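Me: Please take a close look at one part of this model, with the geometric criteria stated. For context, please add how helices pack elsewhere.

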Amino acid sequence: MSNQMTKKREPLFHIVRRDNMPMLAAWGYRIGAFVLALLLNAVFVWCMVRVDPITFYSTMWEGAFGSESYIWATLKAAAKLLCIAVALSPAFKMRFWNIGAEGQVLIGGMAAAFVMYHYTALPTVVLFLVMIIASIIAGGIWGFLPAFFKAKMNANETLFTLMMNYIAMNVVDYFYDKWRGFRSALGILNQNTKIGWFASIWKDNDTDGLMTNEDFWFIVVILVIMTLMFFYLKLTKQGYEISVVGESHNMARYAGISVNKVILRTMILSGAICGFCGFLVVSSQSHTISSGLASGYGFTAIIVAWLSKFNTFTMAGVSLLIVALEKGSALMANTYGMRGFSSSAADVMVGAMLLLIIGSEFFINYKLMFRKKDKEVQAA
Amino acid sequence: MNTNMTPAVTFRGVTKTFGDNYANKDITMDIYSGEILALLGENGSGKTTLMNMLSGIYYPDGGEIFIRGKKAAIRSPHDAHELGIGMIHQHFKLVDVFTATENVLLGIRGEGKYNPAAAAARIREICATYGFELDPSQKVYDMTVSQKQTLEIVKALYRGAEILILDEPTAVLTPQEADKLFSVLRNMRAEGKTVIIITHKLQEVLSISDRVAILRKGGYIDTVDTSSATELSLTELMVGKKVELEIERPSVKDRVLRLQVQHVNAFNSEGTQVLTDVSFDAYGGEILGIAGISGCGQKELLEAVAGLQKVEEGSEILYDDPKGKRESLLGKSPKQIKRMGISLSFVPEDRLGMGLVGSMGMTGNMMLKSYSDGRSLIAETKAPKELAEKIRDELEVVTPSINTPVRRLSGGNIQKVLVGREIASSPAVLMTAYAVRGLDINASYTIYHLLNQQKQKGVAVIFVGEDLDVLLALCDRILVLCGGRVNGIVDAKETTKEQIGYLMTNLKEENA
């Protein structure tokens, strides 16, 4: 009998789903996870390069927000990440696994660059209109194709959108090499005339300030898109349809929603916003094209969209957090690179942060019940 | 039964919580060898949770379980097997492409070679002992539901189960098959096994069990000897207050032809014919019941009328509107039917997969049918919110807020939300599939009452049901489907349960 008893012990813990954690407690968990991540990284950095936590975190802070130019760099990158996450949100809310944002941004940027490279004679207003329309159409096509084959043949959208990325990259590489000719690099497009740049909209002799700052307008436009998308998903009939299709196709049919139509429409929208983002980046940031245009944010944005539960305002905060971590750890790698703190170590830090923050969501939704102390029963 | 012996199973203060809710609270009871114990309770009373703790699926948050007098920690179904506990779930856990023998051997650990021939012999032996009919070499995909259930039981016995738990075993069986199952269970009792059956059906409790244990709202109420119990006394114990067992069947004078379904043929996505030459009329002011073993075309038939199931050429579905205009619904989508001004309501079987958006609150769900009304781009939320409040108040839906995701509500409340919405659009035809499945008695009666109200308003109600007693008491006429064909339409007032059971299982020759 006692044999049986010692063998069969209660499990150490088991997992129980909890239904309703109060908002405040949930944020307690999130902040707790964040603090834990900070501590963990402090230990990690100390072990690697013997830098004390205070120096370490002030370097991190400096890298992200240390000077005006650092702040702008952080905000710009966060806005770009936000824009792509916003573009992805309707697709993911519909449970359509669009991992092709990288390519959709690229092809949109390519279309914009093509127009500003070839049609320099157009009047400014017309040129911008053509650039915008071209980038939206290009991104829209990149969104439409996987949706079309999903709707008609039930093709796997994950593989399809992934492959579309490589097509976009190669299209960009083709034009990059063609335009580069015998030079070592393509360089900036229309460097002297600034045709197709945001900067060409205002006159050169305007005083300096926010109104003539390309970065400022880049961020403003993206915040407008963020707000519009928030209301699109929340208030419109199309937003409602997206939620229903995301829940179940059967239910959508029951409600008289044409599932294929919603998939096509939503993916064209998602791709078009990515394409438009490509235009924004080319016209206001890079002023050129290369296959690194989206800087991998097409994939990072997937994390942002899911972590924010498709709330576009939350996405702004999450984007800023991720980019600030990135920029801060980049400065760390820069400063302590000689002592062995490489950019890979910086990636490890960012990864640990994200893991803990995402992990806290688990503890918000579930709790662990530990074995009660019942030694006396065990012994009996 | 001898109460001086050691109980086969003892629960002592067993508690299990999900979130803030107690699924089981401080349950203390004994179950003995050589008895059939019926575990009775309304939905959500914690029967299945309690048995899941016995079979290793859940682990108790508090209290102790003793098996044959020894304290046991049952951490997994494997632990349960070792203690001689076997559970037959409502959803069978069998591998379709394996034979009966292979399924029995699957997952058995231990020494010895894989020897299907010896296993098959053992299986035949078990079948002979208890009176099962099972072919060890038959593949599961060739089996009927009843055969699959038999296989699950044999599987448990093969593994040495002394304590056998059956979760609503008759829900999927015809009356004849249920009788067969009961005689097998009696044989097992005679062999000294402990049989626990979880059920809602009082007649079954009375006909099969020795004792009845009653749970209510997660708590243990009492165990009574079946011989001294009646349907009424059990119901009282179960619900805690007296409930009227009679279902009303108000008579309506003017029946009006509303729906004509003629020669409907349909295939499912796998290309199997699911409806064959189905014809019937439905009248406003009557409840037309549809009976049949599950999967005999009930779902496809309702979906064909609702515009969700493609039907073959030569089929015809005609709708007569109250003004006498006749229109064809053939090939129309749900949206087109709505645009024609026809109010067709449909309470589907799959409530959270089809009828309601689980992640949305009541308001969001009210919008499901009406969100596209009007020309504005913005979806209207005011009227749906008012409707949600009205349904919550009138049907007494228990929910923390009308914005709480409906999947968090209990089964009965979910169904009230769904039926409430479908009735709110003042339908001309109201189709319901298994409208009371999984609901407790009170919630079921609320639904019957709502359907009767609709009938009196002149709505053509189509009620697909599984409980024959309910079909007989509630409906005016009953259409019996068998293998996708209409095997008879009978007057509910003049027919018997046996007759319907017969029509469900035996296709008439002129129909075949």
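Reply: The account below treats one sheet first and two helix pairs afterwards.

The model is predicted: local features require pLDDT of at least 70 and side-chain atom pairs pLDDT 80 or more, while totals for chains, interfaces and linings use all residues. Residues are numbered from 1 along each chain as its sequence is written, chains are lettered from A and ligands numbered from 1 in the order written, and side-chain values use heavy atoms, without hydrogens or water.

The part chosen is an open sheet of six strands in chain B, ordered S16-S17-S18-S13-S19-S20, with mixed pairing. Strands are DSSP runs of E with at least two residues, helices are runs of H or I with at least four, and both are numbered from the N terminus. Two strands count as paired if DSSP finds at least two bridges between them. The edges are S16 (344–347) and S20 (485–491) of chain B, each paired on one side only. From one strand to the next, the twist averages 15 degrees.

At one edge, S16(B) runs parallel to S17 (residues 429–433) of chain B, and four bridges join the two. Within this pair, Val347(B) lies opposite Thr432(B) of S17(B). Helix H15 (residues 441–456) of chain B packs on the sheet, where it touches S13 (286–291), S17 and S18 (460–464) of chain B; contact means heavy atoms within 4.5 Å. The direction of H15(B) makes about 150 degrees with that of S18(B). Axes are lines fitted to C-alpha atoms, for helices over the stretch in contact, and angles between N-to-C directions run from 0 to 180 degrees.

In chain A, helices H2 (residues 23–49) and H14 (residues 343–365) pack at about 155 degrees, with axes 9 Å apart. H2(A) is therefore roughly antiparallel to H14(A), the term for angles over 145 degrees. Their crossing is right-handed, that is, the near helix is turned clockwise from the far one by less than a right angle. The contact of H2(A) with H14(A) comprises 20 nonpolar, two polar and two charged residues. Ala, Val, Leu, Ile, Met, Phe, Trp, Tyr, Cys and Pro count as nonpolar, Asp, Glu, Lys and Arg as charged, and the others, Gly among them, as polar.

Also in chain A, the axes of H12 (residues 297–307) and H13 (residues 312–336) come within 9 Å and cross at roughly 130 degrees. The crossing of H12(A) and H13(A) is right-handed.

Conventions
Angles under 35 degrees count as roughly parallel, over 145 as roughly antiparallel, 65 to 115 as roughly perpendicular and the rest as oblique.
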